[in-house]
Structures are given as C-alpha cells and as structure tokens.
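Colleague: I'd like a close look at one part of this model, a single helix and what surrounds it. Could you walk me through it?

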Amino acid sequence: MFTRLVTKSLWVRRERLLISIIAVMLGAAMVTSLLTISLDIREKMGKELRIYGANLVVLPGEGEYIDQFNATHGSIIGSVPFLYFKAEVNSKKIEFAGADLEAAKKMNPWWHIEGVLPEQEEVLPGINAANKLGLRAGDTLSIGEKSFKVSGILDTGTPDDNRIFIPMETAQQISGKSGATLVQVSVLGDIDDVIKYLENEGYKVKKIRQVAESEKALLDKTQLLMALVAFFVLSAASLSLLCTMITSVLERSREIGLMKALGCGNGRLAAIFLAEAGIMGIAGGILGYFAGLSLAQFIGMEIFDMNVSIKPEIFVLTLLISTMVAAISSLIPIRRAISIDPVVILRGE
Amino acid sequence: MFSRLLFSAIQRRKLRIVLAVLAVVMGASIASTLLTISFDINDKMGRELKSYGANILLQPSSEGAFINESELYRMKTIFWRHNIIGYSPYLSDTVKVKDTEIVLSGTYLDEEIRIPGINKTFIGNRKAQEKEATIRTGVKTIASWWKVDGEWPAPGEALVGVTAAEKLGLKQGDLFRAEFGSNNATFKVSGILSTGGDEDGQALVSLKDAQMLFEKQGKVDRVVVSALTKPEPREKIDPSLLPPGEYEIWYCTPYISSIMFQIEEVIDANARPIRQVADNEGKLLNKFEWLMFLITGIAMTTASLGVAAAMNTSIFERKKEIGLMKAIGADGNQIAGLFFAEAVVTGIIGGAIGILIGAVLARMVGIWVFGAIINPSFFSVLISGILSVGIALLGSMLPVKKAVGIEPSIILRGD
C-alpha cells in the first residue's frame with residue numbers, strides 16, 4: 001500500500017517531479033565537480049609549479065663528489081647531477097658546469113637558448129660569460145689545449161648566466177674529476193619526507209628556498225581558495241534546492257488535506273513525503289554525480305591536461321548531501337501542511 | 001490598475017514570492033562572488049607569485065660600466081610605476097677573507113627611498129601630479145624566502161651564507177676582515193643566511209659598506225626589480241615594428257617587455273627578464289584565470305537553471321488565478337505583462353540582494369586567502385545584475401506561454 005502510494009504519486013506528477021530532480025541534480029553536479037577539483041588542486045597545481053625547476057640540492061655527505069646518485073623515492077620526479085669546476089679561459093677565471101644538458105633543460109623549462117644544446121666537443125656559455133669572453137654562437141673556444149664549438153648562448157637571468165655549460169663527459173675529461181659536485185632534484189609532494197630520506201642515505205641536502213617555500217605558500221592559498229569557493233557554491237546550491245522542494249510540497253496542500261480527511265495519520269503522511277524526497281534525492285544525486293564528474297574532468301583536461309582522480313568518498317558525500325537536503329527541505333513545508341485543518345484547505349483558497 | 005494588480009499579487013503570495021526571490025538571490029550571489037574573484041585573480045595571484053622573487057634584471061649597458069644608484073628611483077616614475085613592487089641593487093666583487101676568496105655583495109636590506117614629486121602631462125593635456133613619496137625596498141621585500149639565523153645586519157655588520165660560514169669557520173658574533181686590493185674592512189657577523197642558491201657561498205653587507213670597500217661610491221653592478229606584469233601574448237612583439245596605434249596599446253599594457261622598455265628609457269642600463277620567474281609567471285596566471293572563469297561559468301549556468309526552475313514553479317501553480325482572469329476578460333498580453341513585470345521585480349530585488357551578498361563574500365575570500373580586499377568590479381556587478389533579471393524573465397517565458405493558452409472553463413471546473 002505504502003509503496004503503491006509513493007510510486008503512484010510520483011508517476012502522476014512526473015512533470016513537476018522532473019523539475020525537482022533536475023534541481024537536485026544541478027546541486028549535486030556542482031558539489032561533485034567542485035569537491036573533485038578542490039581535493040585535486042594541490043596535486044595538479046603542484047605539478048604545474050614544477051616548471052620553476054629543482055627545489056632541492058643534494059650535496060655529497062663525505063668527500064667532495066657524488067659518484068652515483070640513485071635515489072628511489074616516489075616523490076622525486078627528476079634529478080640532474082652537475083659537476084662544477086673553475087678553469088681559466090683567455091686568462092679569465094670562469095666557472096664551468098657539466099651536466100646532462102637535455103635533462104637540465106627539461107627540469108628548467110625557462111632556459112632560453114639562442115642556438116642549440118651542445119653535443120660532444122661543444123659548449124653552451126651563459127650570456128654574461130659569453131659577453132665577457134666575446135663569444136657568439138658558432139665561435140670556437142679553447143680550454144687548455146682543446147678547442148670547442150659554441151653551440152648556443154644560454155639566457156636565464158639567474159647566476160647561471162655567468163657559467164659555461166658543457167656535457168658531463170666533457171666536463172669530467174677537462175677537470176679530471178669523476179662524479180658530480182651536486183645534484184639538482186625536483187620533488188613533487190612531501191618535500192620534508194624526501195629530505196629525511198636523502199639524509200638517511202648519507203647525503204647533505206639543501207632546500208632551494210626560493211622555489212620550495214614559495215611553492216608551499218602558493219599551494220596552501222590555492223587550496224584554501226578552492227575550498228572556500230566550493231563551500232559557497234555548496235551552500236547556495238543547497239538553499240536553492242530547499243526553495244524548489246518547499247514550493248513543490250506547498251502546492252500539494254490540497255492533496256494533504258484530502259489524505260487527512262480520508263483518515264491518514266500525520267506520521268504516515270510525513271513518511272510518504274519523506275520517501276518521495278528520498279527517492280528524488282538519490283536519483284538526482286546519482287545523475288548529478290556523473291554530470292559533475294564529467295565537468296571536473298573537462299576542467300582537468302582543459303587547464304591541467306590531466307585526468308582528475310576519482311574518489312569514492314565524493315560519491316558518498318554527494319549522495320548524502322542531496323538526500324539530506326531534499327529530506328530536510330520537504331520536512332519544513334510538510335509540518336506546516338499537516339498542522340492545517342483539512343476542512344480549511346479543502347474549502348478552497 | 002496594472003500596478004495595483006501587480007502589487008496585490010505580490011502581497012497575497014508573500015511566501016511564494018519570498019521563495020522565488022531567494023532563488024534569484026542565490027544565483028546572483030554565486031555569480032557576483034565568483035565573477036568578482038575571477039576579475040581580480042590575476043592581480044591577487046600575481047602578487048602571490050611575486051614571492052618567487054624579482055622578474056627583471058638590470059645590468060650595466062656595457063661591459064665594465066656601472067649603473068648609478070642615484071638614477072634608480074626613476075623607475076618609480078614610469079607609466080607603470082605602481083606595478084614596480086620593489087627593487088634591490090647589488091655591488092659584488094671577490095674579496096679575501098683569511099686567505100680564502102669569497103664573493104662579497106652589498107645590497108639594500110630594507111631601505112627607505114625618496115621619490116621626488118613628479119609632474120606629468122598625459123594625452124589631452126590632463127595633468128597628473130604626484131606628491132613626493134617614499135618606497136621601502138630591499139632584499140627583505142624582494143627575497144622573502146631568505147632565512148636568517150640571527151639578526152639582519154646593521155652598517156658594519158654582515159650576513160654570511162651558510163656554506164661560506166662553514167668554509168671560513170664563522171659564527172654569529174664573530175669578526176672577519178675582508179681584503180680588497182689595498183683596502184680592507186672589518187665586519188661583524190650578525191647572522192647566517194640560507195637560501196639554497198648562490199648566496200649561500202657569499203657574504204652580504206649593506207650597499208654603502210660595499211661601495212666604500214670597493215671604492216665605487218654611488219655605483220651598482222646589478223639591480224633586480226620585482227614588477228607586476230600581465231602575461232605576454234604568445235607571438236613575440238617587436239615594438240619598433242608596431243604601427244603607432246598598436247605601439248600605444250603595447251606601451252600602456254603592463255607586459256614585462258613594455259615595463260623593461262620604460263625602465264630603459266629613464267635609467268642607463270640593460271633590462272632583461274629573469275626567465276625562471278618571468279616566463280613561468282605568465283603561464284601560471286593564465287591557468288589560474290582560466291580555472292576561475294570555468295568554475296564561474298559552470299556555477300552561473302547551474303544558478304541560472306535554478307532560477308528558471310523557481311520561476312517556472314511560481315507561475316505553474318497559479319493556473320486557477322489565470323483562468324479566472326481570462327474568464328473575466330483579460331487578454332493574453334495583459335496576463336503575460338503581469339507575469340513578466342513580476343519576474344522583473346523578483347529579478348531586481350533578488351539581484352540587488354545577491355550582488356550585495358556576493359560583494360561581502362568576495363571580500364571575505366580576499367581577506368582570508370590573500371590578506372587583501374577584493375572590491376567588486378563594475379563588470380561583475382553589471383553581469384550579475386543583467387543575469388538575474390534576464391534569467392528571471394527567461395525562466396518565466398515558457399510557463400507564461402503555457403498560461404496564456406489556458407482554457408478558463410477547463411481550469412475553473414477543477415482538477
């Protein structure tokens with residue numbers, strides 16, 4: 001009997017029902033997409049901020065050189081060993097940096113190279129070093145007895161402009177050293193955990209504060225911003241859902257009066273309406289969840305070029321919120337409706 | 001008659017009207033909050049990204065030359081002077097400390113610079129006069145990530161980088177003697193500096209002390225400038241090739257290239273972008289702006305649909321009333337006019353309240369997240385206003401059309 005009452009009443013009013021379900025769905029979609037994005041934003045933005053380059057420098061713990069840097073930690077997304085040494089060029093003391101330059105350029109995407117990356121027997125002077133030595137791309141530079149071709153000029157705006165970059169093997173040949181003086185490491189995630197791990201491995205570790213500190217502050221702010229926006233939209237969506245539900249129950253006061261006149265108890269009446277609201281909440285919530293997920297996915301692809309991660313908690317939360325709001329918002333008008341004498345309602349407006 | 005009808009219709013159905021207005025308030029407040037934040041996000045996030053440090057580097061125009069310290073204030077007199085957040089000049093050279101060579105740099109730590117009043121004439125003879133002002137600037141403002149164990153140095157004191165301190169065996173409170181040619185100076189270590197960058201291997205003193213030691217009074221060899229900029233368009237702009245109109249636009253847009261150009265106009269130096277900061281900033285700002293606008297777009301669409309649904313319901317439930325009006329001789333246009341007028345009133349009241357709420361919310365977000373006030377822009381108010389009235393009208397369109405077509409006899413007979 002009860003189920004028949006509920007299904008019948010839903011079926012008879014399908015047009016009105018559709019509007020209510022759409023209202024629930026819209027709210028749920030907003031909640032889902034914003035929650036998904038704001039829970040994901042830290043990781044996504046963190047990845048974006050890695051374009052600032054390395055945020056850790058690893059120095060040898062003992063001795064002067066790191067022979068092999070093999071750190072395996074989930075948060076380390078890149079590492080480039082550098083060999084720094086000073087040598088005299090045209091009777092001027094210049095600092096050289098040997099590295100796998102392709103990897104270095106990848107880690108520091110802002111490196112601006114007028115020319116190409118050097119291969120064996122080629123060098124890449126920073127713009128200040130080049131000015132000091134009067135070098136241009138294509139010139140030859142002699143270090144000791146060997147001569148090298150200048151493959152390009154590096155412009156970064158940082159102290160790297162004073163150095164001459166060369167491939168690692170060439171650097172080791174010229175300096176007669178093996179290994180690296182330091183390793184630049186790019187960390188995505190918990191940087192303090194990585195520092196602890198590397199220190200246990202016997203390395204000396206320094207934070208590049210310019211990058212590491214700013215990144216943390218920026219990520220905190222972004223996350224706070226997204227959480228606030230999500231919260232506002234969530235409250236607004238709940239309130240507008242409340243409006244729709246209230247209206248939809250209010251317009252049925254005649255029906256309620258009739259049911260009462262036929263002897264339906266208050267508890268039973270409330271149960272019928274709550275069941276209806278619950279069904280609408282669940283249906284709208286599920287539809288809204290998937291709509292919201294595709295919205296979040298659209299934003300993720302559009303802005304970060306990445307899939308958003310799907311979290312089951314959000315599904316549960318969305319369903320919970322939509323059902324609860326639907327139920328609570330129908331409770332208010334039901335209480336009003338059942339307190340009214342059926343005679344008054346049925347007599348007319 | 002019409003206004004009395006409208007007024008009494010609103011009065012009789014107080015609760016329903018309140019609900020419809022509330023729906024509009026919700027929509028308008030979401031729209032106005034998010035729009036306000038979106039329009040301002042570039043500026044606010046730009047300021048946040050300034051924590052990555054300076055984005056412009058000034059170097060002497062020729063090898064071996066210097067920049068005059070006394071000219072530097074002029075960058076606060078250029079067209080985009082308010083976008084120059086701070087600058088700090090450096091004078092560096094290699095000195096000998098305990099027979100070890102290290103780099104010693106002099107810079108502003110936290111200096112107050114006087115900017116003399118300026119008179120400027122803009123297009124159309126509009127005169128702008130600015131009073132004499134001062135700016136506090138130096139590494140404390142520009143390099144906020146520097147960590148100092150101990151005190152910032154006073155004149156005669158020095159900060160020593162952590163690597164240099166280890167190499168020289170210096171601690172806070174120690175004295176060291178720096179020799180440069182035949183000159184020498186003694187500094188007290190006021191603190192140990194760690195940055196993770198090149199400064200770790202250097203010693204840092206006030207600019208005056210360095211100029212005295214190197215005998216280069218009033219000269220600096222490098223200036224870093226922190227400026228708020230707008231992301232440059234993808235194609236490279238060569239200002240000398242632009243036609244006059246576009247040149248004017250380029251000049252009056254805070255691109256990093258136009259700010260550098262304007263600095264070079266007043267200071268004898270070469271300006272270059274610090275690419276690590278300058279290049280990335282534009283990319284990130286574009287992403288932030290996009291993100292906010294997408295979210296705003298989605299939220300506004302949902303809010304509009306909500307408003308439309310609310311309006312739909314509010315007319316739907318008045319079938320009987322419409323039937324009665326028709327029965328006593330109202331024609332379709334009159335009924336439609338009444339409902340549209342109601343929608344406009346709802347939209348205006350709801351929109352006004354919503355915009356106010358939105359302004360307060362955006363302000364709160366600004367204070368909580370950025371520690372700065374976000375003021376509603378003209379456009380965000382305009383768009384939210386148009387949106388709330390427009391959507392209320394649009395949402396009524398469909399049900400009004402239905403209402404006009406109602407056959408009075410059927411409706412009045414009962415359900």
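Modeller: Sure. Let's start with the kink in α2(B): the helix bends by about 55°, and the bend is centred on B:Ile41. Keep in mind that this is a predicted model. Even with that kink, α2(B) spans 50 Å from its first C-alpha to its last over 36 residues, close to the 52 Å expected at 1.5 Å a residue.

Next, how covered is it? Mostly: 28 of the 36 residues in α2(B) are buried. As a rule for any α-helix, there are 3.6 residues a turn, so residues three or four places apart point the same way.

Now for the domains. In chain B, the domain assignment gives domain 1 as 2-46 + 284-413 and domain 2 as 55-273. The C-alpha centres of those two domains of chain B are 53 Å apart.

The helix also has a part in the contact between the chains. That contact takes 51 residues from chain B and 50 residues from chain A. On the side of chain B that touches chain A, the elements giving two or more residues are α2 (14-49), β16 (270-273), α8 (275-316) and α10 (332-370) of chain B. The biggest giver there is α8(B), with 20 residues. By type, the residues on that side of chain B split into 27 nonpolar, 14 polar and ten charged.

What about the nonpolar core? The largest one has 202 residues, and those with the most contacts inside it are A:Val233, B:Ile30, B:Ile56, B:Leu58, B:Val160 and B:Val225. In soluble globular proteins generally, nonpolar side chains tend to be buried together. If you want one residue to click on, try B:Val225: leaving out residues up to four places away in sequence, B:Val225 touches B:Ala54, B:Ile56, B:Leu58, B:Met75, B:Ile84 and B:Tyr87.

Two spots over in chain A are worth a glance as well, for their backbone angles. A:Ser91 isn't a glycine, yet its phi is positive, near 60°. You'll find A:Ser91 in the loop between β2 (76-89) and β3 (92-99) of chain A, and A:Ser91 counts as exposed because it has 5 C-beta neighbours inside 10 Å. The other spot is A:Glu121, also not a glycine, with a positive phi of about 65°. A:Glu121 sits in the loop between β4 (112-115) and β5 (122-125) of chain A. With 13 other C-beta atoms within 10 Å, A:Glu121 is partly exposed.

Terms used: Residues numbered from 1 in each chain as written. Chains lettered and ligands numbered in written order. Predicted model: local features only at pLDDT ≥ 70, side-chain atom pairs only at ≥ 80, totals over all residues. Contact = placed C-beta atoms within 7 Å. Helix = DSSP H or I, 4+ residues; strand = E, 2+ residues; numbered from the N terminus. Nonpolar A, V, L, I, M, F, W, Y, C, P; charged D, E, K, R; others polar. Expected span 1.5 Å × (residues − 1). Bend = angle between axes of the 7 residues up to and from the residue. Buried ≥ 20, exposed ≤ 12 C-beta atoms within 10 Å, placed from the backbone. Core = buried A, V, L, I, M, F, W, Y, C linked by C-beta atoms within 7 Å. Domains from an automatic or database assignment.
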